[in-house]
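Good morning, everyone, and thank you for making time for this. Please have the sequence and the structure open while I talk, and stop me whenever something is unclear.

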Amino acid sequence: MKAKKLLLQAVALHEKGDIQGAEKAYRRAIAADSTFDEAYVNYGYLLEDMNRYKDAEWAYRRAIECNPRCAEAHTGLGAIYHSRRELSEAVREFRAAVEADPSYIDAWINLGTCLIDMGRFPEAKSTFQEALNHTNDPEKVKLIRSKLVF
């Protein structure tokens, strides 16, 4: 419970823009429970915001070690691979994310986008179409439909 409370404090600090305070709070949450995947994922988001991509990669990997079905961690790691143009690795992580949680729309969108970047257009199209089956959020639907025009 202590780790969850510390995580909530860290997220609040992060949202306020207190980067240093958030980093300390994330570290305290992780110290309170070294198996708390959600703390590692959110710490990874902060590290990405700080352009510390190697550290963010570590945080996402650690979250996956704690919970191999953590869709957010697989998506975060996939996004780092995608940014480095390691597209096969990115696809592997995005696929792991949608397998772990088919309702995690950001993973579907990232997977489809990565497939476009690889020139795998029919597969990207079917990925975006499948994503539409998992959301009713009007903003996400609009984004997905915009991706289908290629």
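Let me begin with a word that I will use throughout: a residue is called buried when its relative accessible area is under 20%, exposed when that area is over 50%, and partly exposed in between. Please also keep in mind that what you see is a predicted model.

With that cut-off in hand, take Y40, whose relative accessible area is 3%, so that Y40 counts as buried. Its aromatic partners and neighbours bring us to the rings. A pair of aromatic rings is described by two things, namely the distance of the centres and the angle of the planes. How many aromatic pairs does the count come to? The count comes to 3 aromatic pairs, and I will go through two of them.

In one of these pairs, the ring centres of Y26 and Y43 are 6.0 Å apart and the planes stand at 35°, so this pair is described as tilted. Because Y26 belongs to helix α2, residues 19-32, and Y43 to helix α3, residues 37-49, the pair ties together parts of the chain that lie 17 residues apart in sequence. Are these two tyrosines buried or exposed? Y26 has a relative accessibility of 1% and counts as buried, and Y43, at 5%, counts as buried too.

Y40 forms an aromatic pair with W58, and here the arrangement is edge-to-face, with 5.7 Å from centre to centre and 75° between the planes. This pair links distant parts of the chain, since Y40 sits in helix α3 and W58 in helix α4, residues 53-66, with their positions 18 residues apart in sequence. While Y40 is buried, W58 is partly exposed, with a relative accessible area of 43%.

Now let us turn to the two helices themselves. Helices α2 and α3 pack at an angle of about 155°, and their axes are 10 Å apart. Because of that angle, α2 is described as roughly antiparallel to α3. The crossing of α2 past α3 is left-handed. Among the residues that make the contact are A22, Y26 and I30 of α2, together with Y40, N42, Y43 and L46 of α3.

N42, which you have just heard in that list, lies in helix α3 and counts as buried at 16% relative accessibility. Its side chain reaches the backbone oxygen of E38 at 2.8 Å. If we leave out residues up to four places away in sequence, N42 touches L7, V11 and Y26.

Between α2 and α3 there is a loop, and S34 lies in it. S34 counts as partly exposed, at 40% relative accessibility. Which residues does S34 touch, again leaving out those up to four places away in sequence? They are Y40, R62 and C66. For S34 and R62, the C-alpha atoms are 9.2 Å apart in space, although the two residues are 28 residues apart in sequence.

Finally, please look at T127 in helix α8, residues 121-132. T127 is buried, with a relative accessible area of 5%. A polar atom of its side chain lies 2.8 Å from the backbone oxygen of E123. Not counting residues up to four places away in sequence, T127 touches W108, L111, G112 and L115. That is where I will stop, and I am happy to take questions.

How values were computed. Residues numbered from 1 in each chain as written. Predicted model: local features only at pLDDT ≥ 70, side-chain atom pairs only at ≥ 80, totals over all residues. Heavy atoms only, no water. Helix = DSSP H or I, 4+ residues; strand = E, 2+ residues; numbered from the N terminus. Buried < 20%, exposed > 50% of the residue type's maximum accessible area, 1.4 Å probe, protein only. Polar contact = N/O pair within 3.5 Å; in protein donor to acceptor, adjacent residues only side chain to side chain. Contact = heavy atoms within 4.5 Å. Phe/Tyr/Trp six-rings, centres within 6.5 Å; stacked < 30°, edge-to-face > 60°. Axes fitted to C-alpha atoms, helices over the stretch in contact; angles between N-to-C directions. Parallel < 35°, antiparallel > 145°, perpendicular 65-115°, else oblique. Left-handed = near helix turned anticlockwise from the far one by under 90°.
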